[in-house]
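Please open your viewer and keep the sequence panel beside it. We will go from one selection to the next, pausing at each stop to see what is there.

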Amino acid sequence: MKLKKLMALALSGVMAVSVLAGCGSGGTKGSGDSGDKQAVGDASKGSVYYLNFKPEQDEAWQKLAKTYTEETGIEATVVTAASGNYETTLMSEMGKSGAPTLFQVNGPVGLANWKDYCYDLSGTEVYSQLTSDSYALKDGDVVHGIAYVIESYGIIVNKALLDKAGYSIDDIKSFDDLKKISEDITARSAELGFAAFTSAGMDGSSDWRFKTHLANLPIYFEYQDEGIGSTDAIKGTYLDNYRNIWDLYINNSTCAPKELAAKTGDDSRNEFLDQKAVFFQNGSWEYANLVGDGKFTDDDLAMIPIYIGAGDEASQGLCTGTENYWCVNSQADENDIAATLDFINWCVTSEQGTKAMSEDMGFVIPFKQAQESPNLFVKQDAEMTEAGKTPVSWNFTTMPSEEWKNGVGSALTAYAADQSDANWDAVVSAFVDGWATEYQLANG
């Protein structure tokens, strides 16, 4: 049955290229489709294999898995997929003996590919620890996955460089403000010794920041206008705004736009760490890479919203949500399922687990025993929300396929190299026509 399902996934054309409390579980088991339940096996006789999605948290996960094994005697292994290659790696690993017992999907669209492999988490202890059912991927009473982290992203700011350029965070309240300041920095870059933006790299380790995270903004504002949460045909109402913010990024950067195709996520981060740019689009997950060990302190940094000249910018907050849902492999050995359920429950309830997820990973986890995160960007998101600003929801989980993202990314890259209206028309076509086509392929 496993081979047939994997072959079906391979042939579907929608596979993505991007995208640890004691022994003996009291959980229940069922297939993703039927919800039929039976007793789980003996966790003490099982093991855990977690295919981790987040490279930036690999070291912390390795350390936590080792701690769990030392504490319980149950083997917990973490393998981290290369950035931009999670779904390809997942598909490959699921076809092997000893497949992952714990994996992730990015929401309803990603779940469609792996639904038959998702153990029904209803009735499990870890599910009972969620603070809200809104953090569960459900089909009726069946729980296919649970969110394990809530994150925020925006534009990270080097406040010292901004001050050196003659500005402060308080000067940036809109797209027009951001544009004026960025272009002024560019005009004086030789004198100042730095650029406005880090490179908007379109290598696979970086392009998700723009074909997915930045693309969320025009989708969000269109959804707000239409009063919807998903669509089979995006209109592209705010694609001129998308072009404006993309132009700002690529024409006020550390490198020429034609160089972006080969620029990586590491390039962008290192440019920011090396004080070569004021602005760096990324998220709360980047915090640990920027602070400590002689790097930045909290006083050096801030995160501001991604303004694109749409909506009520005075009331706009950071982009906050999740696309990270844990799923337990229903095809795994019952003892391994039991061990995996105990592992993830330990992660979100134990002192060691919750501390590691909060402090080492910088996560805000949606579970009852969560510890407060020391992450500056998480705190700033909370402060903005408390001040009445509205977080921008994560709507990219409704993007119809990874192929759609790749089409948009390719068009953005071509446009960066030659910023003609014709090449922007290709971006619009990839965005709008590609959406309709990919939605029909996935749902037709």
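The tour below moves from a strand to a cavity, then to some salt bridges and a loop. Keep in mind as you look around that this is a predicted model.

**Stop 1: strand β10**

Start by selecting residues 277-283, which make up strand β10. How many of its residues are buried? The count is 7 of 7, so this strand is mostly covered, buried here meaning a relative accessible area under 20%.

Now add residues 151-158 to the selection, which is strand β8. Strands β8 and β10 run antiparallel, and 5 bridges join them. To see one position of this pairing, pick G154 and look across to N282 in β10, which stands opposite.

Next, select residues 195-197, strand β9. In which sense does β9 pair with β10, parallel or antiparallel? The pairing is parallel, over 2 bridges. Show F197 and F279 together here: F279 in β10 is the bridge partner of F197.

While the side chains are on display, one general point may help: in a regular strand they alternate between the two faces of the sheet.

**Stop 2: the largest cavity**

Keep F197 selected, as F197 is also one of the residues that line the largest cavity. Add T198, S199, A200, R209, F210, Y249, F280 and Q281 to complete the lining. Which elements give two or more residues to this lining? They are β10, where the tour began, and α9, residues 208-214.

The space inside is about 50 Å³. If you color the lining by residue type, you will find 5 nonpolar residues, 3 polar and 1 charged.

**Stop 3: salt bridges around K54**

The model has a count of 14 salt bridges. Begin with K54, E56 and E151, which are linked in a network of salt bridges.

Select K54 and E151 and measure between their side chains: the N to O distance is 2.8 Å. Where do the two residues sit? K54 lies in the loop between β3 (48-52) and α2 (58-72), while E151 belongs to strand β8, so their salt bridge ties together parts that are 97 residues apart in sequence. K54 counts as buried because its relative accessibility is 4%, and E151 counts as buried with a value of 4%.

Then turn to E56. Its salt bridge with K54 has the closest N and O atoms 3.8 Å apart. Is E56 buried or partly exposed? At 29% relative accessibility, E56 counts as partly exposed.

**Stop 4: K235 and E226**

For another salt bridge, select K235 and E226, whose closest N and O atoms are 3.1 Å apart. Switch on the surface here: K235 is exposed, with a relative accessible area of 53%, and E226 counts as partly exposed at 37%.

**Stop 5: the loop holding S373**

Finish with the loop between α15 (351-360) and α16 (376-386), where S373 is found. S373 is buried, with a relative accessible area of 6%. What lies 3.1 Å from a polar atom of the side chain of S373? Display the backbone too, and you will find the backbone nitrogen of N375 at that distance.

Key:
Residues numbered from 1 in each chain as written. Predicted model: local features only at pLDDT ≥ 70, side-chain atom pairs only at ≥ 80, totals over all residues. Heavy atoms only, no water. Buried < 20%, exposed > 50% of the residue type's maximum accessible area, 1.4 Å probe, protein only. Helix = DSSP H or I, 4+ residues; strand = E, 2+ residues; numbered from the N terminus. Pairing = 2+ DSSP bridges. 1 Å grid on protein atoms, 1.4 Å probe; cavity = no way out; pocket = protein on both sides within 12 Å on 5 of 7 lines; lining within 4 Å. Points joined across faces, edges and corners; volume = space filled by probe spheres on them. Nonpolar A, V, L, I, M, F, W, Y, C, P; charged D, E, K, R; others polar. Salt bridge = Lys/Arg side-chain N within 4 Å of Asp/Glu carboxyl O. Polar contact = N/O pair within 3.5 Å; in protein donor to acceptor, adjacent residues only side chain to side chain.
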